[in-house]
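This report introduces a protein structure to a reader who has not met it before. Please look at the sequence and the structure shown here before reading on.

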Amino acid sequence: MQLSPRQSKILAAIVESYIRTGEPVGSKYLSQSLDIRVSPATIRSDMAALFELGYLEQPHTSAGRVPSHQGYREYIDSLMTCRPLSQEERDEIDSLFNVKNPDPDKLLEDAADALSDYTGCAGVTSSISSKDVTVKRIDLIAAGINTVVILLIASNGVIKNKVCRVDFAITAELVEFFTKFANSRLGGRSIEAVSATYISSVSVILGEYSRIFTPILVGIFELCKEFSDGQYYIGGGTKLLEYDELGRVARDLLIMLNNRERLHRLFGGGDSDFKILIGKENPTMELAGSSLVVTSYSIGGGKAGTVGLIGPVRLDYAKVIPHLEYFADTLGKLLSETLDSD
């Protein structure tokens, strides 16, 4: 059933008042605050209709109404008007990224913390690997008699490294030999295609050198898997403890935020550039009383990761959405500049 213009205006007013105050909204308040000339009785009738349609709920101890999850969804999809960011707000977000040529992984980690501090919610940032990203180059750097640093440089400019200990004395000749071999077998190959099976086949080709170089090959595989799976950074998870409505499930939420597989299902990209999941719309039980707001950021024109928030259902969506979009856009631009400078 389509809502009448007056019912839509009443629903929007209830959602916005409840977001602002956390208090149930009554007909008296609506009759005084809305620019519609109808009696409180008429407003009560419309509120009753919205209640019957599932858009409103009534707390047991109050005569007022609060939005249901369905009411929030109708508000977000059809009634909400996002407020454009002021220059002051843009400058404030820009100041969070007042860094020069940072390490990309460190930037993503710091961005999760900054997003949490800025919004009062749990902030999540992630990097995702496009299927067409390939191994551009692999380098070995001697770091000791039995230690090397493996550098994996991907075609999109991302660089990952791993310290690896071996049981042979490292020489310039061995480093040069393995570097040439590794790039001949892995250079230009899809990151996702560097599987355990493929690494095993490469190891066989090494023949008598297979045993001594196995730790390095395993390290390369682990770097490729880490790259393919993406990185996830959580900021301010304990802020969820501050919301009374999340008190009973806050511990479960914190446990979930430390589960990489579940984070991947929530923040691992997907087809949409922006999504909002409210309460029971979320795919996990722990989020049944929370909202998840996620958008993507791009590097070089391609989707490179996501930025998101987990907070109570009673979020100021009209404010959060443009702030999160600008935050993600700024993060993507800075990461692009950082990778271009490498």
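The sections below describe a pair of helices and a group of aromatic rings in this predicted model.

## Two helices side by side

Helix α8 spans residues 196-205, and helix α9 spans residues 210-229. Their axes come within 10 Å and cross at roughly 155°. Because angles over 145 degrees count as roughly antiparallel, α8 is described as roughly antiparallel to α9. The crossing of α8 with α9 is right-handed.

## Residues at the helix contact

On the α8 side, the contact is made by A196, I199, V202 and S203. Their counterparts in α9 are S210, T214, L217 and F221. By character, the residues of this contact comprise 5 nonpolar and 3 polar ones, with no charged residue.

## Aromatic pairs

The structure contains 6 aromatic pairs. One of them joins F168 and F213 in an edge-to-face arrangement, with 5.6 Å from centre to centre and 75° between the planes. F168 belongs to the loop between β6 (159-165) and α7 (172-186), whereas F213 is part of helix α9; the pair therefore ties together parts that lie 45 residues apart in sequence. Both F168 and F213 are buried.

## The aromatic cluster

F168 and F213 also belong to a wider group of rings. Ring pairs link these two residues with F177, F178 and Y209 into a cluster. Helix α9 thus appears in both parts of this report: F221 is among its residues that meet α8, and F213 in α9 pairs with F168.

Technical notes: Residues numbered from 1 in each chain as written. Predicted model: local features only at pLDDT ≥ 70, side-chain atom pairs only at ≥ 80, totals over all residues. Heavy atoms only, no water. Axes fitted to C-alpha atoms, helices over the stretch in contact; angles between N-to-C directions. Helix = DSSP H or I, 4+ residues; strand = E, 2+ residues; numbered from the N terminus. Parallel < 35°, antiparallel > 145°, perpendicular 65-115°, else oblique. Left-handed = near helix turned anticlockwise from the far one by under 90°. Contact = heavy atoms within 4.5 Å. Nonpolar A, V, L, I, M, F, W, Y, C, P; charged D, E, K, R; others polar. Phe/Tyr/Trp six-rings, centres within 6.5 Å; stacked < 30°, edge-to-face > 60°. Buried < 20%, exposed > 50% of the residue type's maximum accessible area, 1.4 Å probe, protein only.
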